[in-house]
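Visitor: I would like to learn how to read the empty spaces inside a protein model. Where should we begin?

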Amino acid sequence: MQTIENLLQELKEKYEQLKMGGGLKKIQSHKAKGKLTARERIEYLIDKDTKYIEFGLFAGDGMYEEEGGCPNGGCVCIIGFVSGKMCVIVSNDATVKAGAWFPISAKKNLRAQEIAMENRLPIVYLVDSAGIYLPLQSEVFADKEHFGRIFRNNAQMSSIGIPQVAAIMGSCVAGGAYLPIMSDYALIVEGSGSVFLAGSYLVKSSIGEDIDNETLGGATTHCEISGVTDNKFPNDEACLDEIRNIFDKMGHFDKAGFDKKESFLPIKDPNEIYSILPADRGKPYDMVEIIERIVDNSEFDQYKKGYGQTILCGLARIDGWAVGIVANQRKIVKSKKGEMQMGGVIYSDSADKAARFIMNCNQQKIPLVFLQDVTGFMVGSRSEHGGIIKDGAKMVNAMANSVVPKFTFIVGNSYGAGNYAMCGKAYDPRLIYSWVTGQMAVMSGASAAKTLVQIQTATLKSKGIVIDEIEENELLDKITDRYNSQLSPYFAASNLWTDGVIDPLETRKIISMGIEAANHAPITKRYNVGVIQT
Ligand SMILES: CCC(=O)SCCNC(=O)CCNC(=O)[C@H](O)C(C)(C)COP(=O)(O)OP(=O)(O)OC[C@H]1O[C@@H](n2cnc3c(N)ncnc32)[C@H](O)[C@@H]1OP(=O)(O)O
């Protein structure tokens with residue numbers, strides 16, 4: 001059983017390793033060309049001593065070992081501040097296969113554009129990419145959510161008024177050439193920046209023309225002959241300074257109007273979260289104790305405290321922002337009818353309460369925060385006959401149709417339909433992070449194995465094959481191991497089912513910056529839950 005200290009150490013080590021992108025040797029040869037690395041470009045560009053959120057750090061981790069790997073999904077993405085303006089920054093990492101796009105790179109870039117669009121944040125592209133990763137072209141080229149979607153988004157973002165600023169700081173090849181040129185600004189660095197639909201090798205092979213890449217599509221060519229780029233800069237720093245100038249003059253747009261007051265730290269020590277969370281995921285604990293270590297002044301104003309107690313709902317402030325919190329209670333509780341309810345399980349009454357609370361938050365323009373530690377909805381005849389499906393559906397309906405921004409944190413388990421009802425990735429949380437203690441799957445390894453073994457032995461029996469206890473146990477172990485390897489928060493983050501894995505102490509910052517980002521996008525849609533089962 002992993003202690004939280006071990007899990008935090010694992011996070012630290014993974015972060016240190018992933019920060020190195022394509023590795024030391026590749027960084028050295030990249031810098032020898034006079035270029036800053038993807039991370040250095042971001043560090044130089046953003047306002048000093050301001051907070052930022054990185055998303056997609058774990059994208060592709062462990063996914064393409066046979067290809068040499070694609071750490072960080074081949075680009076670094078953050079939400080941060082440039083000249084006082086909040087924005088999304090996407091910085092290609094040319095130390096990873098010359099910044100070529102793996103399938104997961106497409107997913108990550110689309111996520112960055114989605115964050116910019118949902119929150120109406122300006123976006124900066126620091127381009128240094130060889131275009132599609134050719135050996136995997138069939139997985140990244142032609143489908144709806146593949147490479148082409150980026151330029152469709154460039155066009156749509158432009159039409160809805162989202163500023164896009166691009167700097168060509170390395171190669172920008174083939175289809176990728178559209179990205180900077182479809183932005184409002186296309187800056188280019190002399191010597192290292194180049195942009196063309198086909199490089200010199202392809203030009204030679206297709207039309208027989210002999211030309212070098214710089215003459216074909218370098219900074220001077222595009223600033224003085226084709227007019228494709230706006231201005232050239234002698235080095236990365238000068239180009240990044242110009243982006244800061246552009247942001248400095250950018251105007252301010254309407255806000256959503258979420259409520260913010262003076263910020264107060266929790267009175268109860270947030271470090272105590274580490275000791276409240278049990279290392280054994282099956283053990284109960286009081287989620288109120290966790291919430292009180294996240295919210296301002298440790299003040300959590302519970303809604304219907306005595307009813308539907310396996311879900312906690314209530315209002316609070318986080319860094320001054322008003323929030324509505326929906327959290328799974330892991331304590332064993334006694335229902336109003338006197339029955340004992342298991343912590344972490346959603347019952348009819350808790351789903352019913354949460355649905356109503358979510359509706360209230362929408363009515364009052366209060367952003368929602370979901371804290372997941374859920375094993376699913378209650379099973380069995382008592383629950384089914386009590387209509388759990390319609391109460392669960394009501395909660396899903398209220399949450400899915402929410403017009404206020406939602407933020408999700410996987411504190412512990414995230415299993416089954418509990419993941420859905422508690423605003424999993426499919427329900428458009430503006431940001432979704434897993435704590436190091438998070439685990440996500442359709443069910444736990446042990447439950448899945450028991451279920452699958454029952455199905456498989458029944459199938460074999462129907463064919464006249466009976467397996468003995470030893471064989472059954474081997475099957476059980478095999479399935480449990482496979483499920484457990486996929487439960488890890490890093491597996492989810494590598495697939496971009498979440499935006500990352502965090503130390504619980506980062507939760508306040510992510511919620512605060514997430515609401516600040518969301519405040520850039522006025523709510524234009526009326527809350528309408530459609531048909532609700534009563
Ligand atoms: C929408 C349609 C498209 O996007 S088609 C994309 C077509 N792309 C291309 O033709 C670009 C091919 N690449 C190049 O011309 C050069 O790599 C450029 C971008 C000029 C960079 O050169 P340079 O800095 O010297 O790096 P390098 O060539 O040593 O490459 C480093 C490692 O990356 C690899 N690489 C490069 N491009 C791709 C690619 N598109 N697909 C797959 N792998 C690519 C190189 O093979 C090299 O790999 P390794 O480090 O030797 O393992």
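Guide: This is a predicted model. Begin with the walls: strand S3 (85-92), strand S4 (123-129), helix H5 (148-159) and strand S5 (164-173) each give at least two residues to the lining of the largest cavity.

Visitor: Which element supplies the largest share of that lining?

Guide: S4 does, with four residues. The lining has 16 residues in total, and Asn92, Trp101, Val127, Ser129 and Leu179 lie nearest the centre of the cavity.

Visitor: How is such a space found, and what is its volume here?

Guide: Rolling a probe the size of a water molecule over the atoms shows where empty space is left. The largest cavity has a volume of about 140 Å³. Its lining is made up of eleven nonpolar and five polar residues, with no charged ones.

Visitor: How many cavities of 30 Å³ or more are there?

Guide: The count is two. The second largest cavity holds about 60 Å³ of space, and its lining includes Leu277, Asp280, Arg281 and Arg330. By class, that lining has four nonpolar, two polar and four charged residues.

Visitor: And the ligand: which residues are closest?

Guide: Of the 16 residues that surround the ligand, the closest are Lys26, Lys97, Ala130, Ile132 and Leu134. For polar contacts, look at distances between N or O atoms, with a cut-off of 3.5 Å. A ligand oxygen atom is 2.6 Å from a side-chain N or O atom of Lys26, and a ligand nitrogen atom is 3.0 Å from a polar backbone atom of Leu134. Taken alone, the ligand exposes 960 Å², of which the protein buries 56%.

Terms used:
Residues are numbered from 1 along each chain as its sequence is written. This is a predicted model: local features need pLDDT of at least 70, side-chain atom pairs count only at pLDDT 80 or more; totals for chains, interfaces and linings use all residues. Side-chain values use heavy atoms; hydrogens and water are left out. A residue is near a molecule or strand if one of its heavy atoms lies within 4 Å of it. A polar contact is a pair of N or O atoms within 3.5 Å; within protein, one must be able to donate a hydrogen and the other to accept it, and residues adjacent in sequence count only if both atoms are side-chain atoms. Accessible areas come from the Shrake-Rupley method with a 1.4 Å probe; for residues, only the protein chains shown count as cover. On a 1 Å grid over the protein atoms alone, a cavity is a set of points where a 1.4 Å probe fits but cannot get out, and a pocket is an open set with protein on both sides within 12 Å along at least five of seven lines; lining residues have an atom within 4 Å of a point. Grid points are joined across faces, edges and corners, and a volume is the space filled by probe spheres set on the points. Ala, Val, Leu, Ile, Met, Phe, Trp, Tyr, Cys and Pro count as nonpolar, Asp, Glu, Lys and Arg as charged, and the others, Gly among them, as polar.
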